[in-house]
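I am keeping these entries as a record of what I looked up in the structure, beginning with one helix pair and then moving to the chain and the contact between chains.

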Amino acid sequence: MDLSTLNPASLLPELILAGGGLLVLLANALGGRRADGWLSPLSALAVLAALAFCLFPVTREPGYFGSVQSDPLAYAGRTTVLAALLLLLLGGASYLRQRTLPRAETLALTLFGATGMLALASAGDLITLFLAIEVLSLSLYALAGLLGQRTESRHAALTYFLTGSFASAFLLFGLTLLYGAAGTLNLAELGLGIARHGGGAQWIALGGIVLSLTGFLFKVGAVPFHSWLPDVYTGSPSWVTAFMSTGAKAAAFAGFGRLLLPLAPQSTAWASLLGICAALTMIVGNFSALGQVNVKRMLAFSSVAHAGYLLLGLQATGYAGESLEAVLFYLLPYGLLNVPLFLIAARVSRAGGGRYHIDDYKGLAKRDPVLAGLLAVLLLGLAGIPPLAGFMGKLLVFSAAVRAGQTGLAVLGILTSVVAVYYYLRLVVFAYFHEPAPARTERLECDRGLTLAAGLAALGVLVLGVWPGLWLELTRGIGL
Amino acid sequence: MLHQILPLLTFFPLAALLLLWLIPARQTGLLKGAALLLSLLEFALSIPLFTSFDVATAGQYQFVVQADWLPRLGISFHMGVDGISLLLVLLTTQLLPIIILASFHVEKALKGYLMLFFLMTTGMVGVFASLDLILFYVFWELVLIPMYFLIGIWGGTRRIYAAVKFFLYTMAGSVLMLVAILVIHWNTLVPGLGRTFDLPLLLEHFHPAAGTQLWLFAAFAVAFAIKVPMFPLHTWLPDAHVEAPTGGSVILAGVLLKMGTYGFLRFALPFFPSAVQALLPLLVGLAVVGIVFGALVSIVQKDMKKLVAYSSVSHLGFVMLGLFSLQTIGVSGAVLQMINHGLSTGALFLAVGVIYERRHTRLIADFGGLAAGMPLYAFVLVFFVLSSVGLPGLNGFVGEFMILLGSFQSQPGPTAIAASGVVLGAVYLLWMVQRVLFGPLANPKNQGLPDLSRRELLVFAPLIVLVIWIGVQPQPLLDRINPAVEATLELMRNR
């Protein structure tokens, strides 16, 4: 077999990340403590290289006989994951230094997890899809438990592992049924395959879709399969939570978007199911976040809520494939905003005793004006206030829903987003409208990396909000 | 340059904001000077808008700019002003330097305070100039952020409650408008162009069924009614006004509330004429209730600022009544009254701010006999109270008279009740003046209060000039308003 027909260049970003992860482990094994300072830059270099090959792809052809895609969907999904990862490496550098996290393992596992995420976004067949999910999941299970000396971290890892494997089982069974119904592993041919087999295959396929969607909803933490999420997000190290809530989510939505697209003409039953889940997720996520005093937990529920908005867009792909573009747009600002927010939460909490309590934010505007300003911008972005890109994401998703005739869902979504404004603004209220607690008036030491990462994210979200066309044009053609 | 004047007016304040940002916060003198200069520059830039505006075609959009923004989604950067929005833009730009000048005494984080007003100006000018629904919505929401911080940081004791209430209340109202905008977008196919958010094109091609129209109108109307605010959606206003710093109150009463009435006139009425007709009794009824309720509540207020705030509910009720008369004279009167209210009530908030600064109280009972020691202040307060109650010769009279005249033709009954609001308005405002300015100077703390400084006189002077000018010679304004109003009503009839 000629190697060039495999087109290995299509897998280049994934290969670079995996290679980077191995290099990190190797450097740690050979260099010991001396290499410690080099691990973060090495990882960042790998991510930058992967991002470069992702933004300027060597090939636009699929590879490995269609198992790896290089289409706009892969482009958008990969870029989003890598952008979030880059912010994480930049903003979390000092977090890694100060925490008792084993640095080499954390970085290597993060890179391996990212490899899985990229592969998920570009998966062209059922097996690659499943493998990618397992690669990213296993890395995340291990990452969640990295602070093993703390009970919450152990608890998080175990919960995540158990529910995650459960979800994987559902998923695998669902994919098997789909394969049986369609007679092909290739995602693009699923729809045709099912149609060719006619009658009975339709029902088997529907079962397959429902089961694999169950697995998917578990993974992205959508209601009613979300109960693991708050504990896992709160208990895991913030570094990991930031990564889970952005990269994993982006990859999952890209991967499942690709899975669902060819099924749209067959049946919109799954779209109705997703619509119900979207409604529940938006309601439960937002209202649960409302009463939280633990900021990390609040952000956890907020990411449940955002899964709801993404599902709202995803269900609309059942009616018009282009709606997937809205989902992919939404994911980029969401990733850019969430990563620094979790890291800021860790930073503020460290200065206040590590409880992630909202009281730690009192008077933050006086204690670290720059960080507080960025925090406010990021929160307003997540709340979907124009002209930040969070607004454009919401606009596109709601527009997709209205286009699909789901005006009721759009109304529900937009009303719950007002609830979200309340709890996002609550942090701004604490940071700006409250005076610092008497015992904590000293200025916070500036965390340069984190400030830079948050600044870049804020700038990115502003630019994307004012010129959304920049990103929309790059990812043009998703879902067509 | 003239054809780019609207984007310039919209984004110059942003550039000004960045300039101010570069000035170190400790250099307060430089900050004040620069802010005043930049705000005057913004105002100066807006003068050609008035002078070059073609009165003969005041019913059409002028200074139009249209550029691609998101062509694939049908969103464009489309701006233009007709006679109505022209005056509202000018109201905004002329209030800016006045507010900046009035804010020089602010000690807490002056730099941020000044910067927020420039950010707000961008939003407000953008709202009045936008001719694309998404562009409009972006500016509409943008205004919330600076106001939220103004109330929350520089406000009074219950500032946090007021700021959050303001933000959530107005946001909750306007998000449904966004869904309605999307529904309009997906239900309109412009021949040869496809889907669009362009206002003039949508007005031409959007023809909804009566049932849909009702729902869509409701979504728009709630958003605008909260902003106005119309009874019973006014409850955020007294809180926001009382807690906001003086400058915030001025901009809130002066311009922000007009965004609501403007929204009704520009969007809700021409888009949904049959829904307006169907709901007219309700709308007129709420306007009348607002007039009387606002006036009655004002009478019993103990706090001057709260009194002025509730008077806004009453006065804006008149504006709504004028709009719902659907007669040229009534609607034109309503537009004129928007401007008048912006000037007079803005000035009243400034006047309340003047004595609050000196005495740190706004309770009417704490004052009395101020006229003896502060003759200039007494003149200013009496002057703007008279302009507010509609003394012939001053601005308020013209607007109120036109509104009642127009409204009487279509709604004689409600108008008769509403007219009582004029009398009640005189009662609560003049009674307040009597208790604050006249009588014996009983409270020793009020003795020796300094009269208006030269800076404060400078704050009030332009407003006094405008109030007299509009009162004596409203024709130049009406020349611009009338054709635009007629065009709007024509649009309603043709749909």
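In this predicted model, I first looked up how helix 14 (residues 328-359) of chain B packs with helix 17 (residues 395-410) of chain B, and I found an angle of about 150° with the axes 7 Å apart. Since angles over 145 degrees count as roughly antiparallel, I noted that helix 14 of chain B and helix 17 of chain B are therefore roughly antiparallel to each other, and I entered their crossing as left-handed. I then listed the residues that make this contact, among them B:I329, B:G330 and B:L336 of helix 14 of chain B, together with B:N395, B:E400 and B:M402 of helix 17 of chain B. Sorted by class, the contact of these two helices has nine nonpolar, eleven polar and one charged residues.

Next I turned to chain A, for which I counted 21 helices and zero strands. Its radius of gyration is 21 Å, close to the 23 Å given by the globule rule for 480 residues, so I recorded chain A as being as compact as a globular protein of that length. The C-alpha trace of chain A spans about 70 × 55 × 40 Å along its principal axes, and 64% of the 480 residues in chain A are buried.

Last, I looked up the contact between the chains, which takes 24 residues from chain B and 24 residues from chain A. On the side of chain B that touches chain A, helix 7 of chain B gives the largest share, 15 residues, and by class that side has 20 nonpolar, one polar and three charged residues.

Technical notes
Residues are numbered from 1 along each chain as its sequence is written. Chains are lettered from A and ligands numbered from 1 in the order in which they are written. This is a predicted model: local features need pLDDT of at least 70, side-chain atom pairs count only at pLDDT 80 or more; totals for chains, interfaces and linings use all residues. Two residues are in contact if their C-beta atoms, placed from the backbone, lie within 7 Å. Helices (H or I, at least four residues) and strands (E, at least two) are DSSP runs, numbered from the N terminus. Ala, Val, Leu, Ile, Met, Phe, Trp, Tyr, Cys and Pro count as nonpolar, Asp, Glu, Lys and Arg as charged, and the others, Gly among them, as polar. The radius of gyration is taken over C-alpha atoms; the globule rule is 2.2 Å times the number of residues to the power 0.38. A residue is buried if 20 or more other C-beta atoms lie within 10 Å of its own, exposed if 12 or fewer, and partly exposed in between; C-beta atoms are placed from the backbone. Axes are lines fitted to C-alpha atoms, for helices over the stretch in contact, and angles run from 0 to 180 degrees between N-to-C directions. Angles under 35 degrees count as roughly parallel, over 145 as roughly antiparallel, 65 to 115 as roughly perpendicular and the rest as oblique. A crossing is left-handed if the near helix is turned anticlockwise from the far one by less than a right angle, and right-handed if clockwise.
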